[in-house]
Amino acid sequence: MKILKLELNAFGPYVQHTVLDFEKLNQAEIFLVTGDTGAGKTMLFDAIAFCLYGDSSGGIRQISQFRAQNASSKQETYAIVTFALDQDVYTIKRYPNYLREGYKTENKHKAYLTLPNGSIIEGVNEVNVRVKQILGIDFHQFRQVAMIAQGQFTSLIHASSKERQAILRELFQTHAIDQLQTALKEQASVKKQ
């Protein structure tokens, strides 16, 4: 998966509509996100994790905390991520739940996934299920391999070998090899008997 674009509006420190075009950076294959403390680096990762899975990258921030504190009551809070997987391009737009000044009802968490064929899947649960199908990993696995939050790298290092094996099996889709290995062990056991 390659992130192509990230759009934020009234999201964390990004009060104004902000578009980050990663396509030029993707050519470099690796790049550094740097800046002063409080500049919004972690919020970029939170926005990506929120778009994909409806949660923050570190699992610490509540999604109701994503609204920019300085946003006007007329501004909507949302994040949009566009990513490529193989030759397909997907776009996910999510609105966190938040309360705007002067409004009595809270805006609810909403999610929209635009598929490569242009069709749109709507609904938080529906989008969550489809993203897991598309990426082949759940949020917990994603956080361990793609979005290790500050200070949590050691948790991946110290994960049990069984947990790492499960994550890698999902990432590299080695279920067929695992099934073949099990079948060969069973045949060897039968022949040995």
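**Notebook: first look at the fold**

I started by counting elements: the protein chain has seven helices and six strands. I noted that this is a predicted model. Reading along the sequence, I wrote down the order as β-β-α-α-β-β-β-β-α-α-α-α-α.

**Overall numbers**

Next I looked up totals. The chain has 193 residues, and 38% of them count as buried. I got about 12200 Å² for the surface the chain exposes, with 51% of that coming from carbon and sulfur atoms. Then I checked contacts: taking those between residues at least 6 apart in sequence, 52% join residues at least 24 apart.

**The core**

Which residues touch the most other members of the largest nonpolar core? I found Leu52, Phe83, Ile92 and Leu135, in a core of 34 residues. I then asked which elements give two or more residues to this core. My list reads as follows:

- Strands: strand 1 (2-9), strand 3 (78-85), strand 4 (88-95) and strand 5 (110-114).
- Helices: helix 2 (41-53), helix 3 (124-135) and helix 4 (139-145).

Helix 2 gives the most, with nine residues.

I picked Leu135 for a closer look. Leaving out residues up to four places away in sequence, I see Leu135 touching Met1, Leu52, Tyr53, Phe83 and Leu85. Two of those names, Leu52 and Phe83, were already on my list of residues that touch the most other core members.

**Helix 7**

I moved on to helix 7, which covers residues 175-192. Helix 7 has 18 residues and reaches 26 Å from its first C-alpha to its last, close to the 26 Å expected at 1.5 Å a residue. Is helix 7 packed away or in the open? The number of buried residues among its 18 is zero, so helix 7 lies largely in the open.

**Two odd backbone angles**

I went looking for unusual phi values. Most residues other than glycine have a negative phi. Ala10 has a positive one, near 50°. I located Ala10 in the loop between strand 1 and strand 2 (18-21). Asp86 also turned up with a positive phi, near 60°. Asp86 sits in the loop between strand 3 and strand 4.

Are these two buried or exposed? Ala10 has a relative accessible area of 0%, and buried means under 20%, so Ala10 is buried. Asp86 comes out at 72%, and exposed means over 50%, so Asp86 counts as exposed. My closing note to myself: Ala10 is a buried loop residue, whereas Asp86 is an exposed loop residue.

Terms used: Residues are numbered from 1 along each chain as its sequence is written. This is a predicted model: local features need pLDDT of at least 70, side-chain atom pairs count only at pLDDT 80 or more; totals for chains, interfaces and linings use all residues. Side-chain values use heavy atoms; hydrogens and water are left out. A nonpolar core is a set of buried Ala, Val, Leu, Ile, Met, Phe, Trp, Tyr and Cys residues joined through side-chain atoms within 4.5 Å. Buried means under 20% relative accessible area, exposed over 50%, partly exposed in between (1.4 Å probe, protein chains only). Helices (H or I, at least four residues) and strands (E, at least two) are DSSP runs, numbered from the N terminus. Contact means heavy atoms within 4.5 Å. The expected span of a helix is 1.5 Å times one less than its number of residues. Accessible areas come from the Shrake-Rupley method with a 1.4 Å probe; for residues, only the protein chains shown count as cover.
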